[in-house]
Amino acid sequence: MKTVWILIFFFASAVTFAQDKDYALTYTTTGLELIGSFANIEQGGASTKSSFRFAPVINVQSMVHFDFTEQIGMYSGFALRNVGYRTKDYINPADGTIQEKAFRSYNVGIPIGLKFGKVKSMFFYGGYEIEMAVLYKEKTYENNDKIDKIAGWFSDRENIWQSGLVAGVQLPYGGNLKFKYYLTEFHNRDYTTSGGVKPYANLQSNVWYISLTFYVLKNATLYYK
């Protein structure tokens, strides 16, 4: 929470010095996000590889933009996204076997950030986002066949509150390329099953992704008329 207040103070200060009251514009954009994710994984003190995970659905975001000049602005809003990672090297602490796993969560997020450049067309941006994990799912595979699935709302298997840093570039004609790194670990390491096993006790995983977003609406009008 302290980080959030520091960022809000920084953004407010930047806006105060940069704004041009004769120019100020406020508008909304709504878009769809295609996410390709990986994770930095360490289990039992050793680094583990993650596999590429493509999540085209359901990822939607609606942002409120505050353009203070032609070169600087601020944004915030609401997002719903499908984030997670895959690995073929998960070590099951119950029996020591190596398994292929896919972990994912639907998260509700609130971002806050600054943008610099030509705010009407092409600009760079960076910021912070806090998310609440809503729906968790975990799948286990053997020889490419799914052999087990776990799912649950607001699951204790993951950290409910997650946060991350965001940087990207807004391209002309509504395209948007973004990089995001989660500061919060994906799993709740203290989670214990009914059998007394802590499946994530030795698993540290931080998701990161690259995404491509396309505007669908600007205010209430179709962006691509």
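**Reading burial, rings and loops in a predicted model**

Student: Is glutamine 170 to be read as buried or exposed?

Tutor: The general idea is that a residue counts as buried when its relative accessible area is under 20%. Glutamine 170 has a relative accessibility of 3%, and therefore it counts as buried. Please keep in mind throughout that this is a predicted model.

Student: Where does glutamine 170 lie, and what does its side chain make a polar contact with?

Tutor: Glutamine 170 belongs to strand β9, which covers residues 161–170. Its side chain makes a polar contact with the side chain of asparagine 176, at 2.8 Å. If residues up to four places away in sequence are set aside, glutamine 170 touches Ser121, Met122, Phe123, Tyr125, Gly175, Asn176 and Tyr215, so that asparagine 176 appears both as a polar partner and in the list of contacts.

Student: Before we go on to other residues, how many helices and strands are there in the chain?

Tutor: The chain has 1 helix and 12 strands, and their order from the N terminus is α-β-β-β-β-β-β-β-β-β-β-β-β. Of its 225 residues, 44% count as buried. When one takes the contacts with a separation of 6 or more, 66% of them are between residues 24 or more positions apart. The accessible surface of the chain is about 11900 Å², and carbon and sulfur atoms account for 61% of it.

Student: Which residues have the most contacts inside the largest nonpolar core?

Tutor: That core has 16 residues, and those with the most contacts inside it are Tyr85, Phe103, Phe186, Tyr200, Leu203 and Val207. Strands β1, β5 and β11 each supply at least two residues of this core. Valine 207 can serve as an example: apart from neighbours within four places in sequence, it is in contact with Ser37, Phe38, Ala39, Gly84, Tyr85, Lys180, Tyr181, Tyr182 and Phe186.

Student: How many aromatic pairs does a search of the whole structure find?

Tutor: The search finds 13 aromatic pairs. To read any one of them, look at the angle between the ring planes, where under 30 degrees counts as stacked and over 60 as edge-to-face. Phenylalanine 38 and tryptophan 208 are a stacked pair, with 5.2 Å from centre to centre and 25° between the planes. This pair links distant parts of the chain, given that phenylalanine 38 is in strand β1 (residues 25–43) and tryptophan 208 is in strand β11 (residues 203–218), 170 residues apart. Both rings belong to partly exposed residues, with phenylalanine 38 at 26% and tryptophan 208 at 22%.

Student: Why is the pair of tyrosine 85 and phenylalanine 186 read as edge-to-face?

Tutor: The ring planes of tyrosine 85 and phenylalanine 186 are at 90°, with the centres 5.8 Å apart, and so the pair is edge-to-face. Here too distant parts of the chain are linked, because tyrosine 85 is in strand β5 (residues 72–91) while phenylalanine 186 is in the loop between β10 (175–182) and β11, 101 residues apart. Tyrosine 85 is buried at 0% relative accessible area, and phenylalanine 186 is buried at 2%. Ring pairs join these two with Tyr90, Phe103, Tyr136, Tyr191 and Tyr200 into a cluster.

Student: What sits over the ring of tyrosine 27?

Tutor: A ring may also have a charge as its partner, and in this case the charged end of lysine 218 sits over the ring of tyrosine 27, 4.6 Å from its centre.

Student: What should I look for in the backbone of the loops?

Tutor: Two things deserve a check, namely the peptide bonds and the sign of phi. Valine 57 and isoleucine 58 are joined by a cis peptide bond, with omega about -15°, and isoleucine 58 lies in the loop between β3 (53–55) and β4 (60–67). Asparagine 144, although not a glycine, has a positive phi near 70°; this residue is in the loop between β7 (122–142) and β8 (145–153) and is exposed, at 65% relative accessible area. Asparagine 219 likewise has a positive phi, about 55°, and is placed in the loop between β11 and β12 (221–222), where it is partly exposed at 42%.

Student: Which residues is leucine 183 in contact with, leaving aside its neighbours within four places in sequence?

Tutor: Leucine 183, in the loop between β10 and β11, is in contact with Tyr128, Ser163, Gly164, Leu165 and Asn206. Its relative accessible area is 44%, so it is partly exposed. The C-alpha atoms of leucine 183 and glutamine 162 are separated by 7.5 Å, with the two residues 21 apart along the chain.

Definitions and conventions: Residues are numbered from 1 along each chain as its sequence is written. This is a predicted model: local features need pLDDT of at least 70, side-chain atom pairs count only at pLDDT 80 or more; totals for chains, interfaces and linings use all residues. Side-chain values use heavy atoms; hydrogens and water are left out. Rings of Phe, Tyr and Trp (its six-membered ring) pair if their centres lie within 6.5 Å; planes under 30 degrees apart count as stacked, over 60 as edge-to-face and the rest as tilted. Helices (H or I, at least four residues) and strands (E, at least two) are DSSP runs, numbered from the N terminus. Buried means under 20% relative accessible area, exposed over 50%, partly exposed in between (1.4 Å probe, protein chains only). A charge sits over a ring if NZ of Lys or CZ of Arg is within 6 Å of the ring centre and within 35 degrees of the ring normal. Contact means heavy atoms within 4.5 Å. Accessible areas come from the Shrake-Rupley method with a 1.4 Å probe; for residues, only the protein chains shown count as cover. A nonpolar core is a set of buried Ala, Val, Leu, Ile, Met, Phe, Trp, Tyr and Cys residues joined through side-chain atoms within 4.5 Å. A polar contact is a pair of N or O atoms within 3.5 Å; within protein, one must be able to donate a hydrogen and the other to accept it, and residues adjacent in sequence count only if both atoms are side-chain atoms.
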